[in-house]
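Reader: Hey, could you walk me through this one? I'm new to it.
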Amino acid sequence: TTSAWCNSGNPLKFASIGWESGDFLTAVANYIAKNGYGCDTETITGTAMATETAMANNGLQIYMEQWVGRNAAQEKAVAAGKIKQVGGPIVGGAEGWYVPDYVIHGDPARNLKPLAPDLKSVADLAKYKAVFADPEDPSKGRFLNCPVGWTCELENSQKLKAYKLTDSYNNFSTGTGASLNSAIVSAIKRGKPVLFYYWAPTPLLAEYKFVKLDEPTFNQKCYTTLRDKANNAPCGSASSPIQIVVGMNAKFYDADPVLVDFFSKINVPLDILGPYLVDMNKSRVEPTAMAKKFFETHPEVWKKWVPDDVAAKVASSLK
Amino acid sequence: MFPTNLTFSMVAPVNDFVDGIVTNYGDFFHAMAHSVMMVLVFIEKTLQKTPWWLFIGIVAALAFVSLRKISQVALVVLGLMLIGSFGLWDKMMQTTALVVVATFLTVMIGIPIGIIVSCSERVRKIVLPILDIMQTMPVFVYLIPVLMLFGLGKVPAVFATVIYAVSPLIRLTNLGIRQVNPEVVEAAIAFGANRWQLMLGVQLPLAMPSIMAGINQTNMMALAMVVVSSMIGANGLGIDVLEGINNQNIGLGLQAGIAIVILAIIIDRVSQGFGADKRSN
Amino acid sequence: MFPTNLTFSMVAPVNDFVDGIVTNYGDFFHAMAHSVMMVLVFIEKTLQKTPWWLFIGIVAALAFVSLRKISQVALVVLGLMLIGSFGLWDKMMQTTALVVVATFLTVMIGIPIGIIVSCSERVRKIVLPILDIMQTMPVFVYLIPVLMLFGLGKVPAVFATVIYAVSPLIRLTNLGIRQVNPEVVEAAIAFGANRWQLMLGVQLPLAMPSIMAGINQTNMMALAMVVVSSMIGANGLGIDVLEGINNQNIGLGLQAGIAIVILAIIIDRVSQGFGADKRSN
Amino acid sequence: MSEIIVNQVYKVFGRNEKQALEMVKQGIAKSEVLAKTGCTVGLNNVSLSINAGEIFVIMGLSGSGKSTLVRHFNRLIEPSAGEILYRGKDVLKLNNNELINFRRRNISMVFQSFGLLPHRTVIDNVMYGLKLRGEPKAEAHVCGMKWIEAVGLKGYEDKHPDQLSGGMRQRVGLARALAADTDIMLMDEAFSALDPLIRTDMQSLLLELQAKLNKTIVFITHDIDEALRIGAKIAILRDGSLVQVGTPKDILEHPADDYVRRFVEKKVH
Amino acid sequence: MSEIIVNQVYKVFGRNEKQALEMVKQGIAKSEVLAKTGCTVGLNNVSLSINAGEIFVIMGLSGSGKSTLVRHFNRLIEPSAGEILYRGKDVLKLNNNELINFRRRNISMVFQSFGLLPHRTVIDNVMYGLKLRGEPKAEAHVCGMKWIEAVGLKGYEDKHPDQLSGGMRQRVGLARALAADTDIMLMDEAFSALDPLIRTDMQSLLLELQAKLNKTIVFITHDIDEALRIGAKIAILRDGSLVQVGTPKDILEHPADDYVRRFVEKKVH
Ligand SMILES: Nc1ncnc2c1ncn2[C@@H]1O[C@H](COP(=O)(O)OP(=O)(O)OP(=O)(O)O)[C@@H](O)[C@H]1O
Ligand SMILES: Nc1ncnc2c1ncn2[C@@H]1O[C@H](COP(=O)(O)OP(=O)(O)OP(=O)(O)O)[C@@H](O)[C@H]1O
Ligand SMILES: [Mg+2]
Ligand SMILES: [Mg+2]
């Protein structure tokens, strides 16, 4: 089986995604495309801004982990037909508002008392604003929002209104994923309470124990108000169910049905993925090495994605 | 390619080391950062509470004292009005608080160090590589540990800005002082100038053009750091730039960018005016 | 707070404008960028193919010619070896290609403009605000359109680096020339020096300390842009820094950061050596 | 034949040049103009003519405008009013190229404050004029060394100006002007920092040059003995105005006023 | 009583100071030392003593070490060997504070190349010494204006040095040293750029100061008339060595060698 795109001499460029699950998926797909389909592959680093821009302009072809409806630029490109989205490489992603487990249950081993024992849902937050006090303005709590410009930032800002938390919590922009992550890790290491937005699958959620706060069940009408900046009286709702897809440039999509078929079949089950992510984060294993390990230990998963001849080539390249 | 048998890695030990510090001393550093943060918050709140016309008035007055030209003052006022009419007034105030504090600290640190460096060849040899490190070590490398130690937001932003912006000021102060005509210095010494008098009365005034170029660079670099500051949770104009990036909203980013540029030019012109040679004839 | 009835927005028109350009002229710009990229790729490939010992040898020879001190040359060699033993040799070569090309372009652009600016008060008044904009307009604001026009990677990286780094060089060249003792200039004119001879024979040599300070800043800023370059798809040391950030791998980032610093110091010292006053006595 | 003609030249330094010039033309005194406008009168209605091949000495009180006057000859200063002719051509109307050529070939200058290039060695300073007009390096070097020797600086050719004494620096400036080998030489207190022995040698050198090569030399000095020894004509300035021009004999025997008399008095008694 | 005693002072400029010093001590000539080591001999075994209240004149060829010698008195230059005493105290052993006080109260200097502060006005330059030692501003201003008038620069007190003529700059330097009102004044060719009228005034001023206030004045000049007029003693240097010291009469009547004879010859004939 061969690829029309690669046979005509085009390099196949993957976006380097910059978080563990994305890096892992990219490494897996890259390896198969290269060794199974004989493509000339490349993974290009860049911020989401740069890579999303390049995707729309055919500077890159493949973006292995796109969250549908969670990035404005991407939505625009999809709507304009410049990016096609296929498959479901990960099923069962999650997002929401989290607090470390020790804030609710305490941690005797570290001598941490439960500071918010009755915290279960977002409705309880107002009561505990002093626990999450904002150092810049201690009369309110601090909610660590997701990086500026992401769709989740807007949703969370609207949710603060919907949950009537604007008087008791400051909406704190963390700027980037890295600084959000660092702030959380720092709080955990020091045993301090912290309230934040996060998503899964991620090493952070896989590594530490967190409690996800309950939200009203998903409701499309309310969700629409959450995505409208101008709406000052939104109603509460969990975010829409998560759909993770492979994004590809439309030109590539049109040119190469074979590879499109491959990409749309890729799927790594969460229970396999989770430990890999922690491993990548903790012991700093390179994504490519991780991919090889995955090929060796879980042939039953990836062999379903490709025709036998391709599978054989990949298998033989592993030796 | 470099032979692989010669390679080693410092990744793991460094990570462990940082982890250890955050776990064991994180609270201490957070407490330290808190007082600095309170100062910053206070300035920001004061600026934000100032009515916009009063703020423009004060800046215009400053500009007049410094530049002595009505046309320039008018441009300053127009610039501020433009930022306001972009709807960026509040964010501008946050950025101003940050930048003014960072620039102030930088000047307070940079000029004395520049002076010390100019006085001794040995000190210069030690300080120069440190400056190189401060200026080229990518902010993000040390920013994550700093963030973990000091908390999100303003404090690490000021910290990073000062580290990044102080280097050209030190260098140019040093250069300026070293370029002062030795005959003039000799004359001052001959009349019994002590170190202090020599520095304040002769070397610094004659080095002023270089030092002002250093302060200009400090201003520029401090404002160039506004976006980085927002990446680590400092409010202000940088947030709009980030939002513009992440949403491919070029207009939004450009608006904030223009506001940053206007702020830079105003701060620069006013400070340069104060340092300029006021010789009338 | 600024009164909201005075606000307006330029977000939508700007976005439309950029969209239009990209749609209509994108291909043309991409083709243009392509040739620049081929030069960069060629340099990068050549550097990467050079055996590591040969590369170190060449740099050491250059350092010797410039610095004339065995101890300094030894440090240069050690620094390069250290980068190699971090396993960053290839990435270093990519970064070197980018930085050397960007620095070269910056110097080629910056010094002549600095000279022109020094000759005319009117030009200075026009150029200065442009420099302010180039230095403080956040890279990301114009990077998205540039990226849309030129594609990912090296070309926009060089573009951004030159824009960011050229400003201090222009300023310091201008300052240095303006500070040259007017009596010396007068004497040269009296003997019939034309503009060219005056500039090359008198003003530039006497402005050298300032110009070298400008080149130093250019080097520093070019290397400070390495991370930004990697954010828009240029390979090199910046990638490890980004990865370090994204994965909380401080050690990885630090290693790359150290490599960047070493590179900066080597490039700086060697270039400063070539510019230094070689007066023996 | 007149080599240089200066015709009703005025020069005012300062911001209110126009206003001050008006005041000067109305005959208001230099000190009053200074007090009222902050402008300094450099030259006040100076007219004179200098013959080819003569040594023309300019004297006057410190600050009376001597340096300002000679700077007009090679147009380092533009006058506020008036005209300056070199061999009948208006120097102020030369275009840029003509001016450069005029400075390279026809006129050289020794500066009161030396004006050496601090980054060049003594020999490079002396060769400077020759290099500017593109003479071959080897020849220029030979010529430069000749003049370095003539001014007594042999052995110092590779030093930089800051390693020399005041008088040595002055001699470097002298050698530079001599090496340029121009028709006119402007010498602004060119011997002021020299000891009497070297000074006498240098005076002889000038006389010889003038006699052999027929150079026109404009010489500023404060030393009346020197003026009388070498000057074919002497001009005396005061507060920017020309008080008297004449041969040494004229000046000694028929001083125009008390000021001139006091100037030359020293010699008389 | 001896105000200043110079004892076997050597000064060599350049990198191989030690080696060159050895050569000088072995009696090798200045030009040879220069050719061999690249070092310039500034002073060569100079010993002399200057009495309180006298005007001590130093003469010598350009480059013979006059400026170098007087710079040793206020320790702007450290000698390569030898000692310098002020009222019996070794100047080279003064600690930093003592040295600063010595320079503020006891010794002032007029520089050959003026050494004015370019960023300050004339009056600020003249007041500089007074300000350094902390005198009240008003008094310093009065004193400064007095000396500006004395040197004939009234009206120019708010100008900057670059707006003055050479002789005017020199007079600013003079006024600055006079205003400092110290026991010793070092005057390095302090009148070289002045016209004869002002120069005579300045000479009288010096004589008056010396007579009335008993100042010790070390005066470098190239003008033998001037030396004879004001000098109580004259020292003559050659290639860094002291050739003769004596009263004007001594020197005129019993020149130590041909060199000295030629120096004073001009006067004799
Ligand atoms: N800083 C210096 N570096 C090197 N050589 C110097 C330095 N200063 C002076 N010299 C040398 O020392 C010698 C004596 O110089 P000095 O200035 O004392 O001469 P001088 O007698 O004052 O001459 P003049 O009458 O020309 O001023 C000269 O040969 C000069 O080249
Ligand atoms: N660049 C200038 N700016 C302002 N005033 C000046 C400038 N140059 C000269 N002057 C003034 O012009 C007048 C004449 O100066 P000039 O230098 O011609 O005097 P001079 O006759 O050469 O005196 P000296 O014998 O002291 O050298 C002086 O009063 C001086 O203050
Ligand atoms: Mg003059
Ligand atoms: Mg001297």
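Author: Sure. This is a predicted model. One place to begin is the rotation axis: of the residues of chain B, B:Ser210 comes closest to that axis, with its C-alpha at 4.2 Å.

Reader: What turn lays chain B on chain C?
Author: A turn of 180°, with a shift of 0.0 Å along the axis, and the RMSD is then 0.1 Å. That is how a two-fold axis relates copies.

Reader: And why do you say the copies meet through the same surface?
Author: Because 99% of the interface residues of chain B are also interface residues in chain C.

Reader: Switching topic: which protein donors does the magnesium ion (ligand 4) have?
Author: E:Ser67, through OG, and E:Gln112, through OE1; they lie 1.9 to 2.2 Å from the ion. E:Ser67 sits in helix 3 of chain E, while E:Gln112 is in the loop between strand 6 and helix 5, so the pair ties together parts that are 45 residues apart in sequence.

Reader: Is E:Ser67 buried or exposed?
Author: E:Ser67 is buried, its relative accessible area being 16%. E:Gln112 is buried too, at 18%.

Reader: Okay, over to chain A. At what angle do helix 2 and helix 12 pack?
Author: About 105° in chain A, and their axes are 10 Å apart. That makes helix 2 of chain A roughly perpendicular to helix 12 of chain A.

Reader: Which residues in helix 2 of chain A meet helix 12?
Author: A:Glu20, A:Ser21, A:Asp23 and A:Phe24. Their partners in helix 12 of chain A include A:Leu273, A:Tyr276 and A:Met280. The residues of this contact divide into five nonpolar, two polar and two charged.

Key: Residues are numbered from 1 along each chain as its sequence is written. Chains are lettered from A and ligands numbered from 1 in the order in which they are written. This is a predicted model: local features need pLDDT of at least 70, side-chain atom pairs count only at pLDDT 80 or more; totals for chains, interfaces and linings use all residues. Side-chain values use heavy atoms; hydrogens and water are left out. Donors are N, O and S atoms within 2.8 Å of the metal (3.2 Å for Na, K and Ca); water is not among the atoms, so sites may look incomplete. Helices (H or I, at least four residues) and strands (E, at least two) are DSSP runs, numbered from the N terminus. Buried means under 20% relative accessible area, exposed over 50%, partly exposed in between (1.4 Å probe, protein chains only). Axes are lines fitted to C-alpha atoms, for helices over the stretch in contact, and angles run from 0 to 180 degrees between N-to-C directions. Angles under 35 degrees count as roughly parallel, over 145 as roughly antiparallel, 65 to 115 as roughly perpendicular and the rest as oblique. Contact means heavy atoms within 4.5 Å. Ala, Val, Leu, Ile, Met, Phe, Trp, Tyr, Cys and Pro count as nonpolar, Asp, Glu, Lys and Arg as charged, and the others, Gly among them, as polar. Copies are superposed by least squares on the C-alpha atoms of residues with pLDDT of at least 70 in both.
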